Amino acid sequence: MELLKKINNSEFKDIPDLQGWVGDAKFGLHQLTQYFNKNNKYDVLEIGCGIGLLLASLKEKFPNIITQGIEPYKAGFERLKATKNLLPKSISINYLKFEDFKPNKKYDIIYSVNVFEHLLNWKLYLDKTKEWLKPNGVNVILCPNYSFPYESHFKIPILLNKKITYVFFKNKIDRFEEEKKSLGLWNSLNFIKMRNIKSYCLNNEMKFKYCNNIFNDIINRLDEDKEFQNRQNFVGFIAKNLKKLGVLKFLNKNTFHSFHPYMKIEITKKSSNEKN
Ligand SMILES: C[S@@+](CC[C@H](N)C(=O)[O-])C[C@H]1O[C@@H](n2cnc3c(N)ncnc32)[C@H](O)[C@@H]1O
């Protein structure tokens, strides 16, 4: 966490959105820590790693890990480039899409944070990452769940589906993309639902697990992370009131898991004696 503190407190303060990137890396670090033990060595791959803030923070906390990242959108992170000198050189980033990545080893942990909802071919991602895992390796996916009718990048409700939502919110979506200089963001979203990932895993010899602790962790983040609170003020407002009414505990029951707004999924390979 020293690294993230240094970046947040330093001369980089004027970089737009930096607080958001740092907050996301901090959150990612918290979500991934459970998979590592300080004394063990791990081969780790992050997909869609940006400039590598999260990879660097993991390396700082678990010096024995061997980190690799994939990031196709190098130019998009140019504005963060000034912070790069603080990142250790041992973090190797491959500037390409996961579709073009050809690893020469297998991994203990493969993960991505807020990437899966942007993938053109998410089934291919599951197939490839399954191939890249060691026999006991884990693939962790953190991303929004579009079974919950809310689009968190644009902060709008989802009306039936992507097409109809666009018709209703065209002006807001176009204005947002222009203001944030993120043309193509709406098009990139695949509106992935937890149940689609689950069913694909179960039909393709992968084990699927939803880690429902993410529900409380997101609610807590809305309480503790001011920048995140500002970014997601509408959901924050709803969550706060549901919490007051005691409804959140109820929503964390099994029946509602597939409608949670954000998902943390663990995917592992089925071993040969589990195959039918
Ligand atoms: C919202 S950003 C998230 C960046 C970072 N993981 C984070 O949480 O701060 C989405 C990322 O997904 C990456 N991405 C999209 N399609 C990809 C693909 N086919 N292969 C690898 N990365 C991809 C983008 O380049 C971008 O860095």
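These notes describe a predicted model, moving from the sheet to the helices and then to the ligand.

1. The sheet as a whole. Seven strands make up an open sheet with mixed pairing, and their order across the sheet is β3-β2-β1-β4-β5-β9-β8. The edges are formed by β3 (92-94) and β8, each of which pairs on one side only. From one strand to the next, the twist averages 20°.

2. The parallel pairing of β4 and β5. Strand β4, which covers residues 107-113, pairs with β5 in the parallel sense, and six bridges connect the two. Within this pairing, Tyr 111 stands opposite Val 140 in β5.

3. The helix packed on the sheet. Helix α3 lies against the sheet, where it touches β1 (42-47), β2 (65-70) and β4. The direction of α3 makes about 180° with that of β2.

4. The two sides of β9. On one side, β9 (residues 262-269) runs antiparallel to β5 (residues 133-144), and the two strands are joined by six bridges. The pairing of β9 with β8 (residues 206-210) is also in the antiparallel sense, and it extends over five bridges. Which residue of β9 is the bridge partner of Ile 141? That partner is Ile 265, and Ile 265 is likewise the bridge partner of Tyr 210. When following the strands by eye, a reader may find it useful to recall that in a regular strand the side chains alternate between the two faces of the sheet.

5. The first helix. In α1, which spans residues 2-9, the buried residues are Leu 3, Leu 4 and Ile 7. Viewed down the axis of α1, these buried residues fall within an arc of 95°, and they therefore line one face of the helix. The other side of α1 carries Glu 2, Lys 5, Lys 6 and Asn 9, which are exposed. The cover over the buried residues of α1 includes α2 (18-32) and α3 (53-61), and α3 is also the helix that packs on the sheet.

6. The surroundings of the ligand. There are 17 residues around the ligand, and those that come nearest are Gly 48, Tyr 73, Lys 97, Phe 98 and Val 115. What classes of residue does the shell around the ligand have? Nine of its residues are nonpolar, four are polar and four are charged.

Terms used: Residues numbered from 1 in each chain as written. Predicted model: local features only at pLDDT ≥ 70, side-chain atom pairs only at ≥ 80, totals over all residues. Near = placed C-beta within 6 Å. Nonpolar A, V, L, I, M, F, W, Y, C, P; charged D, E, K, R; others polar. Pairing = 2+ DSSP bridges. Helix = DSSP H or I, 4+ residues; strand = E, 2+ residues; numbered from the N terminus. Buried ≥ 20, exposed ≤ 12 C-beta atoms within 10 Å, placed from the backbone. Arc of directions from axis to C-beta. Contact = placed C-beta atoms within 7 Å. Axes fitted to C-alpha atoms, helices over the stretch in contact; angles between N-to-C directions.
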